[in-house]
Amino acid sequence: MNASLTLTLALVVALLAHVALKFWLNARQVRHVAGHRSAVPAAYAQTVSLTDHQKAADYTLAKARLSQIDIAIDAAVLLGWTLLGGLDALNQVLLTWMGPGMAQQIALVLGFTLVGGVIGLPLSLMQTFGVEQRFGFNKMTMGLWLADLAKGLVLGLAIGGPIAALILWLMGAAGPAWWLWAWGSWMGFNLLLLVVYPTFIAPMFNKFQPLQDEALAARVTALMKRCGFSAKGLFVMDGSRRSAHANAYFTGFGAAKRVVFYDTLLARLTPGEVDAVLAHELGHFKHKHIVKRVGAMFAMSLAGFALLGWLSTQVWFYTGLGVRPSLTGANDALALLLFMLAVPVFSFFIGPLFAALSRKHEFEADAYAKAQTSGADLGSALLKLYEDNASTLTPDPVFVRFYYSHPPASERLARLEGL
Ligand SMILES: [Zn+2]
(Lines give C-alpha, C1' and ligand atoms only; values in the text may rest on other atoms or scores of the structure.)
Protein backbone atom coordinates (compact mmCIF):
# COMPACT_ATOMS: atom_id res chain seq x y z
CA MET A 1 0.00 0.00 0.00
CA ASN A 2 1.45 3.39 -0.89
CA ALA A 3 2.03 6.24 1.55
CA SER A 4 -0.78 8.38 0.15
CA LEU A 5 -3.43 5.72 0.68
CA THR A 6 -2.05 4.95 4.14
CA LEU A 7 -2.45 8.59 5.13
CA THR A 8 -6.01 8.70 3.79
CA LEU A 9 -6.92 5.60 5.77
CA ALA A 10 -5.18 6.89 8.91
CA LEU A 11 -7.14 10.13 8.67
CA VAL A 12 -10.46 8.33 8.20
CA VAL A 13 -9.80 5.90 11.07
CA ALA A 14 -8.58 8.67 13.41
CA LEU A 15 -11.54 10.89 12.51
CA LEU A 16 -14.07 8.10 13.09
CA ALA A 17 -12.43 7.23 16.43
CA HIS A 18 -12.29 10.92 17.36
CA VAL A 19 -15.96 11.53 16.55
CA ALA A 20 -17.13 8.30 18.21
CA LEU A 21 -15.14 9.09 21.34
CA LYS A 22 -16.50 12.63 21.53
CA PHE A 23 -20.10 11.47 21.10
CA TRP A 24 -19.58 8.75 23.70
CA LEU A 25 -18.10 11.22 26.20
CA ASN A 26 -20.98 13.62 25.59
CA ALA A 27 -23.54 10.85 26.07
CA ARG A 28 -21.87 9.86 29.35
CA GLN A 29 -21.96 13.45 30.57
CA VAL A 30 -25.64 13.84 29.64
CA ARG A 31 -26.58 10.57 31.37
CA HIS A 32 -24.63 11.40 34.51
CA VAL A 33 -25.86 14.98 34.89
CA ALA A 34 -29.48 14.10 34.08
CA GLY A 35 -29.29 11.18 36.54
CA HIS A 36 -28.23 13.49 39.37
CA ARG A 37 -30.57 16.34 38.51
CA SER A 38 -33.33 15.55 40.98
CA ALA A 39 -31.36 16.14 44.20
CA VAL A 40 -28.49 18.34 45.43
CA PRO A 41 -25.53 16.10 46.42
CA ALA A 42 -25.55 15.52 50.19
CA ALA A 43 -22.30 17.45 50.77
CA TYR A 44 -23.92 20.67 49.41
CA ALA A 45 -27.43 20.23 50.78
CA GLN A 46 -26.84 23.19 53.11
CA THR A 47 -25.07 25.53 50.69
CA VAL A 48 -26.63 24.97 47.25
CA SER A 49 -30.32 25.34 46.49
CA LEU A 50 -32.21 22.80 44.39
CA THR A 51 -33.07 25.58 41.91
CA ASP A 52 -29.39 26.42 41.36
CA HIS A 53 -28.47 22.75 41.14
CA GLN A 54 -31.10 22.11 38.48
CA LYS A 55 -30.19 25.24 36.56
CA ALA A 56 -26.58 23.97 36.43
CA ALA A 57 -27.80 20.57 35.21
CA ASP A 58 -30.00 22.09 32.50
CA TYR A 59 -27.24 24.45 31.38
CA THR A 60 -24.76 21.58 31.14
CA LEU A 61 -27.26 19.51 29.15
CA ALA A 62 -28.00 22.40 26.79
CA LYS A 63 -24.28 22.90 26.16
CA ALA A 64 -23.87 19.17 25.55
CA ARG A 65 -26.62 19.24 22.91
CA LEU A 66 -24.98 22.16 21.15
CA SER A 67 -21.67 20.36 21.31
CA GLN A 68 -23.18 17.34 19.47
CA ILE A 69 -23.91 19.64 16.52
CA ASP A 70 -20.44 21.14 16.78
CA ILE A 71 -18.75 17.73 16.65
CA ALA A 72 -20.73 16.73 13.55
CA ILE A 73 -20.09 20.03 11.75
CA ASP A 74 -16.37 19.94 12.54
CA ALA A 75 -16.01 16.44 11.13
CA ALA A 76 -18.01 17.31 8.01
CA VAL A 77 -15.97 20.49 7.43
CA LEU A 78 -12.70 18.58 7.81
CA LEU A 79 -13.79 15.95 5.30
CA GLY A 80 -15.14 18.64 3.00
CA TRP A 81 -11.84 20.50 2.89
CA THR A 82 -9.66 17.39 2.55
CA LEU A 83 -10.91 14.11 1.09
CA LEU A 84 -13.98 15.62 -0.59
CA GLY A 85 -11.78 18.11 -2.41
CA GLY A 86 -12.80 21.53 -1.02
CA LEU A 87 -9.30 22.86 -0.47
CA ASP A 88 -8.14 21.47 -3.81
CA ALA A 89 -11.04 23.17 -5.60
CA LEU A 90 -10.40 26.52 -3.89
CA ASN A 91 -6.71 26.24 -4.75
CA GLN A 92 -7.39 25.43 -8.41
CA VAL A 93 -9.88 28.27 -8.78
CA LEU A 94 -7.43 30.76 -7.30
CA LEU A 95 -4.62 29.39 -9.50
CA THR A 96 -6.75 29.93 -12.60
CA TRP A 97 -7.64 33.47 -11.55
CA MET A 98 -4.33 34.67 -10.19
CA GLY A 99 -1.65 32.27 -11.43
CA PRO A 100 0.94 30.87 -9.03
CA GLY A 101 2.80 33.14 -6.61
CA MET A 102 2.70 34.74 -3.21
CA ALA A 103 -0.56 36.60 -3.83
CA GLN A 104 -2.34 33.36 -4.71
CA GLN A 105 -1.03 31.67 -1.58
CA ILE A 106 -2.16 34.50 0.67
CA ALA A 107 -5.54 34.49 -1.07
CA LEU A 108 -5.83 30.75 -0.38
CA VAL A 109 -5.16 31.20 3.33
CA LEU A 110 -7.56 34.14 3.45
CA GLY A 111 -10.30 32.31 1.55
CA PHE A 112 -9.94 29.25 3.76
CA THR A 113 -10.14 31.36 6.93
CA LEU A 114 -13.19 33.32 5.74
CA VAL A 115 -15.12 30.19 4.70
CA GLY A 116 -14.29 28.57 8.06
CA GLY A 117 -15.41 31.72 9.88
CA VAL A 118 -18.73 31.85 8.02
CA ILE A 119 -19.42 28.16 8.71
CA GLY A 120 -18.77 28.78 12.41
CA LEU A 121 -21.11 31.79 12.67
CA PRO A 122 -24.50 30.04 13.10
CA LEU A 123 -23.21 27.94 15.98
CA SER A 124 -21.62 30.97 17.64
CA LEU A 125 -24.95 32.80 17.33
CA MET A 126 -26.82 29.81 18.75
CA GLN A 127 -24.43 29.68 21.67
CA THR A 128 -24.66 33.37 22.57
CA PHE A 129 -28.30 34.11 21.79
CA GLY A 130 -29.60 30.58 22.34
CA VAL A 131 -28.02 28.78 25.28
CA GLU A 132 -26.32 31.70 27.07
CA GLN A 133 -29.39 33.89 26.60
CA ARG A 134 -31.80 31.23 27.87
CA PHE A 135 -29.84 30.82 31.09
CA GLY A 136 -29.49 34.55 31.65
CA PHE A 137 -25.75 34.76 31.00
CA ASN A 138 -25.78 36.69 27.78
CA LYS A 139 -25.76 40.47 28.17
CA MET A 140 -24.82 41.23 24.58
CA THR A 141 -27.10 42.93 22.11
CA MET A 142 -27.01 41.87 18.47
CA GLY A 143 -25.35 45.23 17.74
CA LEU A 144 -22.51 44.56 20.17
CA TRP A 145 -22.12 41.03 18.81
CA LEU A 146 -21.83 42.40 15.27
CA ALA A 147 -19.38 45.11 16.40
CA ASP A 148 -17.23 42.44 18.10
CA LEU A 149 -17.33 40.38 14.93
CA ALA A 150 -16.24 43.33 12.78
CA LYS A 151 -13.45 44.30 15.20
CA GLY A 152 -12.30 40.68 15.35
CA LEU A 153 -12.20 40.50 11.57
CA VAL A 154 -10.19 43.69 11.19
CA LEU A 155 -7.79 42.65 13.97
CA GLY A 156 -7.45 39.17 12.49
CA LEU A 157 -6.51 40.65 9.12
CA ALA A 158 -4.18 43.26 10.62
CA ILE A 159 -2.39 40.82 12.91
CA GLY A 160 -2.86 37.41 11.29
CA GLY A 161 -2.29 38.61 7.72
CA PRO A 162 1.32 39.80 8.15
CA ILE A 163 2.40 36.79 10.23
CA ALA A 164 0.86 34.38 7.70
CA ALA A 165 2.59 36.25 4.86
CA LEU A 166 5.91 36.18 6.76
CA ILE A 167 5.70 32.42 7.33
CA LEU A 168 4.75 31.75 3.71
CA TRP A 169 7.65 33.92 2.58
CA LEU A 170 10.08 32.05 4.88
CA MET A 171 8.80 28.72 3.57
CA GLY A 172 9.73 29.77 0.06
CA ALA A 173 12.88 31.79 0.70
CA ALA A 174 14.69 30.49 3.78
CA GLY A 175 15.94 27.14 2.45
CA PRO A 176 15.48 23.65 3.95
CA ALA A 177 15.66 24.96 7.54
CA TRP A 178 12.82 27.44 6.91
CA TRP A 179 10.78 25.78 9.68
CA LEU A 180 13.32 26.87 12.28
CA TRP A 181 13.02 30.49 11.13
CA ALA A 182 9.27 30.22 10.92
CA TRP A 183 9.15 28.80 14.44
CA GLY A 184 11.29 31.68 15.73
CA SER A 185 9.01 34.22 14.07
CA TRP A 186 5.90 32.51 15.38
CA MET A 187 7.26 32.53 18.94
CA GLY A 188 8.32 36.17 18.68
CA PHE A 189 4.86 37.00 17.41
CA ASN A 190 3.23 35.20 20.35
CA LEU A 191 5.41 36.99 22.89
CA LEU A 192 4.63 40.31 21.24
CA LEU A 193 0.91 39.54 21.49
CA LEU A 194 1.28 38.84 25.22
CA VAL A 195 2.69 42.36 25.63
CA VAL A 196 0.35 44.12 23.22
CA TYR A 197 -2.89 42.38 24.22
CA PRO A 198 -3.57 43.96 27.65
CA THR A 199 -2.57 47.50 26.69
CA PHE A 200 -3.87 47.77 23.12
CA ILE A 201 -6.22 44.97 22.18
CA ALA A 202 -8.27 44.32 25.33
CA PRO A 203 -9.30 48.02 25.62
CA MET A 204 -10.84 47.80 22.13
CA PHE A 205 -13.40 45.39 23.53
CA ASN A 206 -13.83 46.50 27.15
CA LYS A 207 -13.50 49.52 29.41
CA PHE A 208 -10.88 49.35 32.16
CA GLN A 209 -11.21 51.67 35.13
CA PRO A 210 -8.94 52.00 38.14
CA LEU A 211 -10.37 50.21 41.17
CA GLN A 212 -12.23 52.88 43.19
CA ASP A 213 -12.87 50.88 46.37
CA GLU A 214 -9.94 52.07 48.53
CA ALA A 215 -10.37 49.48 51.28
CA LEU A 216 -10.29 46.66 48.73
CA ALA A 217 -7.35 48.25 46.91
CA ALA A 218 -5.37 48.41 50.17
CA ARG A 219 -6.22 44.77 50.91
CA VAL A 220 -5.19 43.58 47.47
CA THR A 221 -1.97 45.59 47.53
CA ALA A 222 -1.09 44.15 50.95
CA LEU A 223 -1.78 40.61 49.73
CA MET A 224 0.41 41.09 46.66
CA LYS A 225 3.23 42.50 48.76
CA ARG A 226 2.98 39.57 51.17
CA CYS A 227 3.27 37.19 48.18
CA GLY A 228 6.23 39.07 46.69
CA PHE A 229 4.44 40.90 43.86
CA SER A 230 3.75 44.54 43.21
CA ALA A 231 0.63 45.90 41.59
CA LYS A 232 1.26 47.90 38.42
CA GLY A 233 -2.38 48.92 38.51
CA LEU A 234 -5.68 47.60 39.79
CA PHE A 235 -8.46 47.72 37.25
CA VAL A 236 -12.12 46.89 37.00
CA MET A 237 -13.33 45.60 33.64
CA ASP A 238 -16.91 45.93 32.46
CA GLY A 239 -17.34 42.20 31.88
CA SER A 240 -21.06 42.61 32.58
CA ARG A 241 -21.45 44.25 29.17
CA ARG A 242 -21.20 40.85 27.54
CA SER A 243 -21.77 38.12 30.05
CA ALA A 244 -22.77 37.40 33.63
CA HIS A 245 -19.85 34.98 34.02
CA ALA A 246 -17.31 36.28 36.57
CA ASN A 247 -13.51 36.23 36.51
CA ALA A 248 -10.26 37.94 37.52
CA TYR A 249 -6.85 37.86 35.91
CA PHE A 250 -3.31 39.20 35.90
CA THR A 251 -1.19 40.39 33.06
CA GLY A 252 2.37 41.62 32.79
CA PHE A 253 5.85 40.22 33.03
CA GLY A 254 8.07 39.89 36.09
CA ALA A 255 6.96 40.75 39.60
CA ALA A 256 4.87 43.78 38.61
CA LYS A 257 1.38 42.71 37.66
CA ARG A 258 -1.61 44.51 36.31
CA VAL A 259 -4.63 43.11 38.13
CA VAL A 260 -7.97 43.03 36.35
CA PHE A 261 -11.25 42.25 38.14
CA TYR A 262 -14.46 41.65 36.24
CA ASP A 263 -17.14 43.93 37.68
CA THR A 264 -19.27 40.78 37.91
CA LEU A 265 -16.73 39.25 40.31
CA LEU A 266 -16.60 42.27 42.63
CA ALA A 267 -20.38 42.45 42.74
CA ARG A 268 -20.61 38.88 43.93
CA LEU A 269 -17.69 38.18 46.31
CA THR A 270 -16.83 39.51 49.77
CA PRO A 271 -13.43 41.26 50.14
CA GLY A 272 -12.02 38.13 51.82
CA GLU A 273 -13.19 36.00 48.93
CA VAL A 274 -11.70 38.41 46.38
CA ASP A 275 -8.40 38.09 48.24
CA ALA A 276 -8.57 34.29 48.10
CA VAL A 277 -9.32 34.27 44.35
CA LEU A 278 -6.41 36.65 43.71
CA ALA A 279 -4.10 34.53 45.88
CA HIS A 280 -5.06 31.54 43.73
CA GLU A 281 -4.00 33.43 40.60
CA LEU A 282 -0.76 34.51 42.31
CA GLY A 283 -0.22 30.82 43.16
CA HIS A 284 -0.06 30.07 39.44
CA PHE A 285 2.82 32.55 39.15
CA LYS A 286 4.58 31.34 42.31
CA HIS A 287 4.52 27.77 41.04
CA LYS A 288 5.76 28.98 37.62
CA HIS A 289 2.73 27.48 35.88
CA ILE A 290 2.65 30.28 33.34
CA VAL A 291 6.32 29.88 32.45
CA LYS A 292 5.84 26.11 32.18
CA ARG A 293 2.82 26.54 29.94
CA VAL A 294 4.64 28.97 27.64
CA GLY A 295 7.68 26.63 27.63
CA ALA A 296 5.50 23.66 26.67
CA MET A 297 3.93 25.71 23.89
CA PHE A 298 7.41 26.63 22.58
CA ALA A 299 8.54 22.99 22.59
CA MET A 300 5.37 21.66 20.96
CA SER A 301 5.34 24.26 18.23
CA LEU A 302 9.02 23.50 17.51
CA ALA A 303 8.10 19.84 17.04
CA GLY A 304 5.11 20.91 14.94
CA PHE A 305 7.14 23.13 12.62
CA ALA A 306 9.82 20.43 12.24
CA LEU A 307 7.13 17.92 11.29
CA LEU A 308 5.56 20.40 8.86
CA GLY A 309 9.02 21.07 7.38
CA TRP A 310 9.34 17.39 6.53
CA LEU A 311 5.72 16.73 5.50
CA SER A 312 5.62 19.72 3.15
CA THR A 313 8.26 18.04 0.96
CA GLN A 314 6.32 14.75 0.65
CA VAL A 315 3.92 14.41 -2.28
CA TRP A 316 1.83 11.79 -0.40
CA PHE A 317 1.10 14.36 2.33
CA TYR A 318 -0.94 16.35 -0.21
CA THR A 319 -2.47 13.53 -2.25
CA GLY A 320 -3.32 11.52 0.87
CA LEU A 321 -5.35 14.48 2.13
CA GLY A 322 -7.21 15.08 -1.12
CA VAL A 323 -5.12 17.82 -2.71
CA ARG A 324 -3.15 17.90 -5.96
CA PRO A 325 0.14 19.69 -5.22
CA SER A 326 1.82 21.75 -7.90
CA LEU A 327 4.87 19.88 -9.19
CA THR A 328 6.60 23.07 -10.31
CA GLY A 329 5.34 25.91 -8.08
CA ALA A 330 5.09 26.42 -4.34
CA ASN A 331 2.67 24.42 -2.19
CA ASP A 332 3.42 26.21 1.04
CA ALA A 333 -0.06 27.54 1.78
CA LEU A 334 -1.55 24.12 1.00
CA ALA A 335 0.92 22.42 3.37
CA LEU A 336 0.16 24.92 6.13
CA LEU A 337 -3.61 24.54 5.84
CA LEU A 338 -3.58 20.73 5.54
CA PHE A 339 -1.36 20.55 8.58
CA MET A 340 -3.72 22.76 10.61
CA LEU A 341 -6.66 20.61 9.53
CA ALA A 342 -5.14 17.18 10.12
CA VAL A 343 -3.11 17.63 13.29
CA PRO A 344 -6.04 18.22 15.71
CA VAL A 345 -7.64 14.94 14.61
CA PHE A 346 -4.61 13.06 15.88
CA SER A 347 -3.62 15.32 18.79
CA PHE A 348 -7.10 15.06 20.36
CA PHE A 349 -6.06 11.75 21.87
CA ILE A 350 -3.34 13.33 24.03
CA GLY A 351 -5.75 16.02 25.29
CA PRO A 352 -6.39 14.24 28.62
CA LEU A 353 -2.67 14.50 29.41
CA PHE A 354 -2.76 18.29 29.21
CA ALA A 355 -6.07 18.49 31.03
CA ALA A 356 -4.60 16.41 33.88
CA LEU A 357 -1.57 18.68 34.11
CA SER A 358 -3.80 21.75 34.17
CA ARG A 359 -5.97 20.29 36.96
CA LYS A 360 -2.83 19.52 38.97
CA HIS A 361 -1.82 23.19 38.61
CA GLU A 362 -5.24 24.28 39.85
CA PHE A 363 -4.86 22.18 43.01
CA GLU A 364 -1.40 23.69 43.60
CA ALA A 365 -2.75 27.23 43.19
CA ASP A 366 -5.62 26.42 45.57
CA ALA A 367 -3.12 25.18 48.18
CA TYR A 368 -1.10 28.37 47.79
CA ALA A 369 -4.22 30.51 48.19
CA LYS A 370 -5.19 28.63 51.35
CA ALA A 371 -1.71 29.18 52.82
CA GLN A 372 -1.73 32.91 52.00
CA THR A 373 -5.35 33.75 52.76
CA SER A 374 -8.18 31.62 54.08
CA GLY A 375 -9.32 28.19 52.91
CA ALA A 376 -12.87 28.97 54.01
CA ASP A 377 -12.95 32.15 51.89
CA LEU A 378 -11.56 30.33 48.87
CA GLY A 379 -14.07 27.52 49.36
CA SER A 380 -17.07 29.84 49.54
CA ALA A 381 -15.75 31.93 46.62
CA LEU A 382 -15.34 28.80 44.48
CA LEU A 383 -18.81 27.60 45.33
CA LYS A 384 -20.28 30.99 44.41
CA LEU A 385 -18.36 31.10 41.13
CA TYR A 386 -19.28 27.54 40.17
CA GLU A 387 -22.87 28.34 41.05
CA ASP A 388 -22.93 31.63 39.14
CA ASN A 389 -21.42 29.98 36.10
CA ALA A 390 -23.93 27.13 36.50
CA SER A 391 -21.12 24.56 36.52
CA THR A 392 -22.58 21.22 37.43
CA LEU A 393 -21.58 19.69 40.77
CA THR A 394 -22.08 16.23 39.30
CA PRO A 395 -20.11 15.90 36.05
CA ASP A 396 -19.32 12.48 34.61
CA PRO A 397 -15.88 11.42 35.95
CA VAL A 398 -14.62 10.19 32.55
CA PHE A 399 -15.79 13.39 30.83
CA VAL A 400 -13.88 15.34 33.47
CA ARG A 401 -10.68 13.37 32.84
CA PHE A 402 -10.90 14.20 29.14
CA TYR A 403 -11.95 17.80 29.05
CA TYR A 404 -11.85 19.63 32.36
CA SER A 405 -8.95 22.06 32.68
CA HIS A 406 -10.26 22.89 36.16
CA PRO A 407 -11.23 20.16 38.65
CA PRO A 408 -14.95 19.99 39.42
CA ALA A 409 -16.08 21.93 42.51
CA SER A 410 -16.55 18.77 44.57
CA GLU A 411 -12.91 17.74 44.09
CA ARG A 412 -11.52 21.20 44.76
CA LEU A 413 -13.55 21.72 47.91
CA ALA A 414 -12.74 18.24 49.26
CA ARG A 415 -9.05 18.86 48.59
CA LEU A 416 -9.19 22.28 50.30
CA GLU A 417 -10.70 20.77 53.41
CA GLY A 418 -8.04 18.09 53.55
CA LEU A 419 -5.11 20.56 53.34
ZN1 LIG B 1 -6.39 28.64 38.41
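A residue counts as buried when its relative accessible area is under 20%. Keep that cut-off in mind for the close-ups below, which all come from a predicted model.

**View 1. Glu-362, a buried zinc donor.** Glu-362 has a relative accessibility of 3%, so this residue goes down as buried. Look for Glu-362 in helix 13, which runs over residues 351-372.

**View 2. The zinc ion and the atoms that hold it.** Who does the donating here? His-280 and His-284 each offer NE2, while Glu-362 appears twice with OE, and these donors lie 2.0 to 2.8 Å from the zinc ion. The angles between the four donor atoms span 52 to 135°, and that is why the arrangement is called irregular. Along the chain, the donors follow the spacing H-x3-H-x77-E. His-280 belongs to helix 9 (residues 271-286) and Glu-362 to helix 13, so this pair ties together parts that sit 82 residues apart in sequence. His-280 is buried too, because its relative accessibility is just 6%.

**View 3. Inside the second largest pocket.** This pocket holds about 1,500 Å³ of space. Its lining takes in 48 residues, and the closest to the centre are Phe-112, Trp-186, Leu-336, Leu-337 and Met-340. What is the lining of the second largest pocket like, nonpolar or charged? It divides into 39 nonpolar residues and nine polar ones, with no charged residues.

**View 4. The helices around the second largest pocket.** At least two lining residues come from each of helix 4 (102-134), helix 5 (142-173), helix 10 (289-311), helix 11 (315-319) and helix 12 (332-347). Helix 5 gives the largest share, with 14 residues.

Terms used
Residues are numbered from 1 along each chain as its sequence is written. This is a predicted model: local features need pLDDT of at least 70, side-chain atom pairs count only at pLDDT 80 or more; totals for chains, interfaces and linings use all residues. Side-chain values use heavy atoms; hydrogens and water are left out. On a 1 Å grid over the protein atoms alone, a cavity is a set of points where a 1.4 Å probe fits but cannot get out, and a pocket is an open set with protein on both sides within 12 Å along at least five of seven lines; lining residues have an atom within 4 Å of a point. Grid points are joined across faces, edges and corners, and a volume is the space filled by probe spheres set on the points. Helices (H or I, at least four residues) and strands (E, at least two) are DSSP runs, numbered from the N terminus. Ala, Val, Leu, Ile, Met, Phe, Trp, Tyr, Cys and Pro count as nonpolar, Asp, Glu, Lys and Arg as charged, and the others, Gly among them, as polar. Donors are N, O and S atoms within 2.8 Å of the metal (3.2 Å for Na, K and Ca); water is not among the atoms, so sites may look incomplete. Four donors count as tetrahedral if all angles lie between 85 and 135 degrees; four count as square planar and six as octahedral if opposite donors are over 155 degrees apart and all others between 65 and 115; anything else is irregular. Buried means under 20% relative accessible area, exposed over 50%, partly exposed in between (1.4 Å probe, protein chains only).
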